[in-house]
Amino acid sequence: RSKSADREVKRLLSANWTDFVSARDSAMFQLAWAGMLRSSELVGFDWSHVYYPSVGGVLLFLPHSKTDPGEGAWVVLAPGHGVVDPARALRRLQDLKGGDRASGPVFRPRLGATGALAKGTVAIRLRKALERTGVASWRLYAAHSLRRGGATQAVACGVSLRLIKLMGRWKSDIVRECLYCSPSQVMEASARMY
């Protein structure tokens, strides 16, 4: 990769989204990245699973999560600042869907559709958006890149591996394999050794 994934995702999130599909994609990408969501989790919840606490941010209940089959899982996202604000992006999308009266799947193929967006569409939309924003390596990305990028950004911000596992609903240490390291980070680590 020519640039770090988190930098490219932030560039994507800073684009100006105005229509339904763009607002949907912005909310989808922000939730997937900040919530470290799998594609199946992202397209598998309804507006009735979205809560906006009075302190800001957003709470999502995922009725189906790979690591909590049958139990579901909660995703807690703090209020954003600047470019990344999943709660604001989700509210913008909800306003386009009828505000507080919005119901059914959060992510749909188009305005007026009743069914949920297909899981495979997340990667397609991500690649299109990355290409449109000028990311040279857009073909290298999959929907899982958002999940990995969120975990990588959390590490860069000093979040413990224990909390990253909790936030991303990882039950094992496989999360370690999801973290990106740039060549400059490896060089810096090597320099600290001697």
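Helices (H or I, at least four residues) and strands (E, at least two) are DSSP runs, numbered from the N terminus. Keep that handy for the exercises below.

This is a predicted model, where local features need pLDDT of at least 70, side-chain atom pairs count only at pLDDT 80 or more, and totals for chains, interfaces and linings use all residues. Residues are numbered from 1 along each chain as its sequence is written, and side-chain values use heavy atoms, with hydrogens and water left out.

**Exercise 1. Get an overview**

Work out how many helices and strands the protein has, and in which pattern they follow each other.

Solution.
- Step 1: Count the elements. There are eight helices and three strands.
- Step 2: Read along the sequence. The pattern is α-α-α-β-β-β-α-α-α-α-α.
- Step 3: Check the cover. Buried means under 20% relative accessible area, exposed over 50%, and partly exposed in between (1.4 Å probe, protein chains only). Of the 194 residues, 45% count as buried.

**Exercise 2. Take a look at helix α2**

Find out what span helix α2 should have, and how its residues are covered.

Solution.
- Step 1: Use the rule for the expected span, which is 1.5 Å times one less than the number of residues. Helix α2 (residues 20-34) has 15 residues, so it should span 21 Å.
- Step 2: Compare with the model. The end C-alpha atoms of α2 are 21 Å apart, which agrees.
- Step 3: Look at the cover. In α2, 13 of the 15 residues are buried, so the helix is mostly covered.
- Step 4: Go to the start of α2. There, a side-chain oxygen of Asp19 comes to within 3.2 Å of the backbone nitrogen of Val21.
- Step 5: Move past the end. Met36 follows α2 and has a positive phi, near 50 degrees.

**Exercise 3. Track down the positive phi angles**

Describe where Met36 and Arg169 sit, and say whether each is buried or exposed.

Solution.
- Step 1: Start with the background. Most residues other than glycine have a negative phi, and most peptide bonds are trans.
- Step 2: Take Met36. This residue is not a glycine, yet its phi is positive, about 50 degrees. Its place is the loop between α2 and α3 (39-42). With a relative accessible area of 1%, Met36 is buried.
- Step 3: Take Arg169. Its phi is also positive, about 60 degrees, although Arg169 is not a glycine. You'll find Arg169 in the loop between α7 (161-168) and α8 (183-192). Arg169 counts as buried because its relative accessibility is 5%.

**Exercise 4. Explore the core**

Which residues have the most contacts inside the largest nonpolar core, and which element supplies its largest share?

Solution.
- Step 1: Define the term. A nonpolar core is a set of buried Ala, Val, Leu, Ile, Met, Phe, Trp, Tyr and Cys residues joined through side-chain atoms within 4.5 Å.
- Step 2: Name the residues. The largest nonpolar core has 37 residues, and Leu31, Leu90 and Phe107 have the most contacts inside it.
- Step 3: List the suppliers. At least two residues of this core come from each of α2, β2 (58-62), β3 (73-77), α4 (86-96) and α5.
- Step 4: Pick out the largest share. That one belongs to α2, with seven residues.
- Step 5: Add the general picture. In soluble globular proteins, nonpolar side chains tend to be buried together.

**Exercise 5. Pair up the charges**

Count the salt bridges, then go through the pairs formed by Arg24, Arg38 and Arg88.

Solution.
- Step 1: Set the rule. A salt bridge is a side-chain nitrogen of Lys or Arg within 4 Å of a carboxyl oxygen of Asp or Glu. By this rule there are six salt bridges.
- Step 2: Take Arg24. Its partner is Asp25, with the closest N and O atoms 2.9 Å apart, and both residues are buried. Arg24, Asp25 and Arg125 are linked in a network of salt bridges.
- Step 3: Take Arg38. Its side chain meets that of Glu41 at 2.7 Å, N to O. Arg38 is buried because its relative accessibility is 11%, and Glu41 is buried too, at 1%.
- Step 4: Take Arg88. Its salt bridge with Asp85 is 3.8 Å, N to O. At 43% relative accessibility Arg88 counts as partly exposed, whereas Asp85, at 12%, counts as buried.

Technical notes: A polar contact is a pair of N or O atoms within 3.5 Å; within protein, one must be able to donate a hydrogen and the other to accept it, and residues adjacent in sequence count only if both atoms are side-chain atoms.
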